Structures are given as structure tokens and as C-alpha cells.
Amino acid sequence: MPRIKHAVFMRLKSDTPPAKIEQMFAVLRGLQAQIPGIEDFSGGAGCSVEGLERGHTHAFVITFADLAARDRYLPHPAHEVAKAAIIELLDGGIDGVTVMDWEDRG
């Protein structure tokens, strides 16, 4: 069964204090301890020199063990807390985020 990658690209408000951004990432990192099936988390500020971010400033990727783990994550109360932490910082509300999942077939 393939693992699932969950990528989230965010456009944060330009005046967001760095401490609020770190707090958001801390909440996201903490999901692994709260939701079974999360295998890995990686995230941070964009640093690409290609200029193709399309306004996104920060991103993260969560690796799930399988589709069932991803499906448990989506309605999980801890995910709802993380979502609220993200939405609060987005430039343009929900329009400031792009999400994509895919099967990681290695």
C-alpha cells in the first residue's frame, strides 16, 4: 500500500510575527504525536531562487502511512486546531492556501 504525501502551500500575511509562524509550525509538528499514521512532517519558509512560488511564502509536507491514515487525520480534532492556526495567518483567508495529496510509490 503506498504512503500518502500531503503538501500544503501557504501565503502568510506579510506582517505575521516570526513567533506566530513558529507557533503554527510547532502545532503542526505536534500532530505526529496525536494522530496515528503520521510518519513524517517537514515544513518551513520558502527559499527557492526560481521565483515560482506564486505568492506562497511557507509550506509543509506530511507523510501518512496510507490513505486510511490521511482519512483519519482530516476530521481529527487536532487537525482542526492546526487548520485554525493556519487560517488565522493566511493572506486572503482560504484563498491563501493550496493543498495537494498524492500516492508516494517511491
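**Exercise 1. Decide whether arginine 54 is buried or exposed, and describe its backbone and place in the chain.**

Step 1. Arginine 54 has a relative accessible area of 65%, and it is therefore classed as exposed, since that class takes in values over 50%. The model in which this value was computed is a predicted one.

Step 2. Looking next at the position along the chain, we find arginine 54 in the loop between β2 and β3.

Step 3. The backbone angle phi of arginine 54 is near 55°, which is a positive value in a residue other than glycine.

**Exercise 2. Work out whether histidine 58 is buried or exposed, and list its contacts beyond its neighbours in sequence.**

Step 1. Histidine 58 is found in strand β3.

Step 2. Its relative accessible area is 13%, and because buried means under 20%, histidine 58 counts as buried.

Step 3. Once the neighbours within four places in sequence are left aside, histidine 58 is in contact with Val8, Phe9, Met10, Leu12, Ile21, Phe25, Gly44, Ala45 and Gly46.

Step 4. As for distance, the C-alpha atoms of histidine 58 and valine 97 are separated by 9.7 Å, although the two residues are 39 residues apart along the chain.

**Exercise 3. Describe the surroundings of aspartate 104, and state how far it lies from proline 75.**

Step 1. Aspartate 104 belongs to strand β4.

Step 2. If residues up to four places away in sequence are not counted, aspartate 104 touches Pro2, Arg3 and Lys5.

Step 3. Proline 75 is 29 residues from aspartate 104 in sequence, and the distance in space between the two, C-alpha to C-alpha, is 22 Å.

**Exercise 4. Describe the largest pocket: what is its volume, and which element gives the most to its lining?**

Step 1. The volume of the largest pocket is about 190 Å³.

Step 2. Its lining consists of 14 residues, and those nearest the centre of the pocket are Val8, Lys83, Ile86, Val97 and Val99. The elements that give two or more residues to this lining are β1 (3-10), α3 (77-89) and β4 (97-104).

Step 3. It is α3 that gives the most to the lining, with 5 residues.

Step 4. Sorted by class, the lining of the largest pocket holds 11 nonpolar, 2 polar and 1 charged residues.

**Exercise 5. Describe the second largest pocket in the same way, by volume, lining and residue classes.**

Step 1. The second largest pocket holds about 160 Å³ of space.

Step 2. Among the residues that line the second largest pocket are Phe9, Gly44, Cys47, Glu53 and His58. Two or more residues of this lining come from each of the elements β2 (38-45) and β3 (58-64).

Step 3. By class, the lining of the second largest pocket has 5 nonpolar, 6 polar and 1 charged residues.

**Exercise 6. Describe the chain as a whole, and explain why its radius of gyration agrees with that of a compact globule.**

Step 1. The chain has 3 helices and 4 strands, which follow one another along the sequence in the pattern β-α-β-β-α-α-β.

Step 2. A compact globule of 106 residues would have a radius of gyration near 13 Å, and because the chain has 14 Å, its value agrees with that expectation.

Step 3. Along the principal axes, the C-alpha atoms fill a box of roughly 40 × 30 × 20 Å.

Step 4. Of the 106 residues in the chain, 33% are buried, while the exposed area of the chain is about 6200 Å², of which carbon and sulfur atoms supply 57%.

Step 5. If we take the contacts between residues at least 6 apart in sequence, 76% of them join residues at least 24 apart.

Definitions and conventions
Residues numbered from 1 in each chain as written. Predicted model: local features only at pLDDT ≥ 70, side-chain atom pairs only at ≥ 80, totals over all residues. Heavy atoms only, no water. 1 Å grid on protein atoms, 1.4 Å probe; cavity = no way out; pocket = protein on both sides within 12 Å on 5 of 7 lines; lining within 4 Å. Points joined across faces, edges and corners; volume = space filled by probe spheres on them. Nonpolar A, V, L, I, M, F, W, Y, C, P; charged D, E, K, R; others polar. Rg over C-alpha atoms; globule rule 2.2 N^0.38 Å. Buried < 20%, exposed > 50% of the residue type's maximum accessible area, 1.4 Å probe, protein only. Contact = heavy atoms within 4.5 Å. Areas by Shrake-Rupley, 256 points an atom, 1.4 Å probe, with all protein chains shown as cover.
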